[in-house]
Amino acid sequence: MKALVAAAVAAGLLSASPAFASEALAKSKNCLACHAVDKKLVGPSYKEIAAKYAGQADAAAMLADKVKKGGVGTWGKVPMPPNPQVNDADAKALVDWVLSLK
């Protein structure tokens, strides 16, 4: 019974706080090894990404594809490795969260 209550509370917290849920998802997918919300690490900060693609209608789909396939050149010479372990739904959730940052 306690486990069921704990699971229900955790699910409520995640659904009530999409920013927390997405940051937790980014951590679980190892995105935070190269990216941070507000400072450059190996790759650009999430806020830099959000600013660069603000208002671009195709940005979410393009970035979700880049999460899965990787890329190089947009932010310099250091490549972003492919992340095929990230499924389509998680890639979309991550990108939607990143693009929502100001």
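The paragraphs below go through a predicted model, from its helices to its contacts and its largest pocket.

The protein chain has 5 helices and 0 strands. Read from the N terminus, its elements follow the order α-α-α-α-α. Of the 102 residues in the protein chain, 28% are buried. The elements that recur below are helix H2 (18-28), together with helix H3 (46-53), helix H4 (59-69) and helix H5 (88-100).

The aromatic contacts come down to a count of 1 aromatic pair. Its members are Tyr46 and Trp97, set edge-to-face with 5.3 Å centre to centre and 70° between the planes. The angle counts as edge-to-face because it is over 60 degrees. Tyr46 belongs to helix H3 and Trp97 to helix H5, so this contact ties together parts that lie 51 residues apart in sequence. Tyr46 and Trp97 are both buried. Another ring contact involves a charge: the charged end of Lys52 sits over the ring of Trp75, at 5.2 Å from the centre of that ring.

Next come the salt bridges, of which the structure holds 4. One of them joins the side chains of Asp90 and Lys29, with an N to O distance of 3.4 Å. This pair links distant parts of the chain, since Asp90 is in helix H5 while Lys29 is in the loop between helix H2 and H3, 61 residues apart. Asp90 has a relative accessibility of 19% and therefore counts as buried, the limit being under 20%.

The loop that holds Lys29 also contains Asn30. Asn30 has a positive phi of about 70°, although it is not a glycine. With a relative accessible area of 53%, Asn30 is exposed, as the threshold for that class is over 50%.

A salt bridge also connects the side chains of Lys69 and Asp65, at 3.3 Å from N to O. Both residues lie in helix H4 and are 4 residues apart, so about one helical turn separates them. Lys69 is exposed, its relative accessible area being 60%, whereas Asp65 counts as partly exposed at 36% relative accessibility.

In a further salt bridge, the side chains of Asp88 and Lys68 meet at 3.0 Å, N to O. Because Asp88 is in helix H5 and Lys68 in helix H4, the pair ties together parts that are 20 residues apart in sequence. Asp88 is exposed, at 56% relative accessibility; Lys68, with a relative accessible area of 24%, is partly exposed.

Backbone distances give another view of helix H4 and helix H5. Asp88, found in helix H5, is 9.5 Å from Val67, C-alpha to C-alpha, with their positions 21 residues apart in sequence. Leu63 has its place in helix H4. The C-alpha atoms of Leu63 and Ala91 are separated by 8.4 Å, and these residues are 28 residues apart along the chain. Leu63 is buried, with a relative accessible area of 10%, while Asp88 is exposed.

The remaining feature is the largest pocket, which contains about 640 Å³ of space. Its lining comprises 32 residues, and the closest to the pocket centre are His35, Gly43, Pro44, Ile49 and Met80. Which helices contribute at least two residues each to this lining? They are helix H3, helix H4 and helix H5. The largest share, 4 residues, comes from H5. By residue class, the lining divides into 20 nonpolar, 8 polar and 4 charged residues.

Taken together, helix H5 appears in several of these descriptions. It carries Trp97 of the aromatic pair, Asp90 of the salt bridge with Lys29, and Asp88 of the salt bridge with Lys68. Helix H5 also gives 4 residues to the lining of the largest pocket. Helix H4 holds Lys68 as well as Lys69 and Asp65, and supplies at least two residues of the pocket lining.

Methods:
Residues are numbered from 1 along each chain as its sequence is written. This is a predicted model: local features need pLDDT of at least 70, side-chain atom pairs count only at pLDDT 80 or more; totals for chains, interfaces and linings use all residues. Side-chain values use heavy atoms; hydrogens and water are left out. On a 1 Å grid over the protein atoms alone, a cavity is a set of points where a 1.4 Å probe fits but cannot get out, and a pocket is an open set with protein on both sides within 12 Å along at least five of seven lines; lining residues have an atom within 4 Å of a point. Grid points are joined across faces, edges and corners, and a volume is the space filled by probe spheres set on the points. Ala, Val, Leu, Ile, Met, Phe, Trp, Tyr, Cys and Pro count as nonpolar, Asp, Glu, Lys and Arg as charged, and the others, Gly among them, as polar. Rings of Phe, Tyr and Trp (its six-membered ring) pair if their centres lie within 6.5 Å; planes under 30 degrees apart count as stacked, over 60 as edge-to-face and the rest as tilted. Buried means under 20% relative accessible area, exposed over 50%, partly exposed in between (1.4 Å probe, protein chains only). A charge sits over a ring if NZ of Lys or CZ of Arg is within 6 Å of the ring centre and within 35 degrees of the ring normal.
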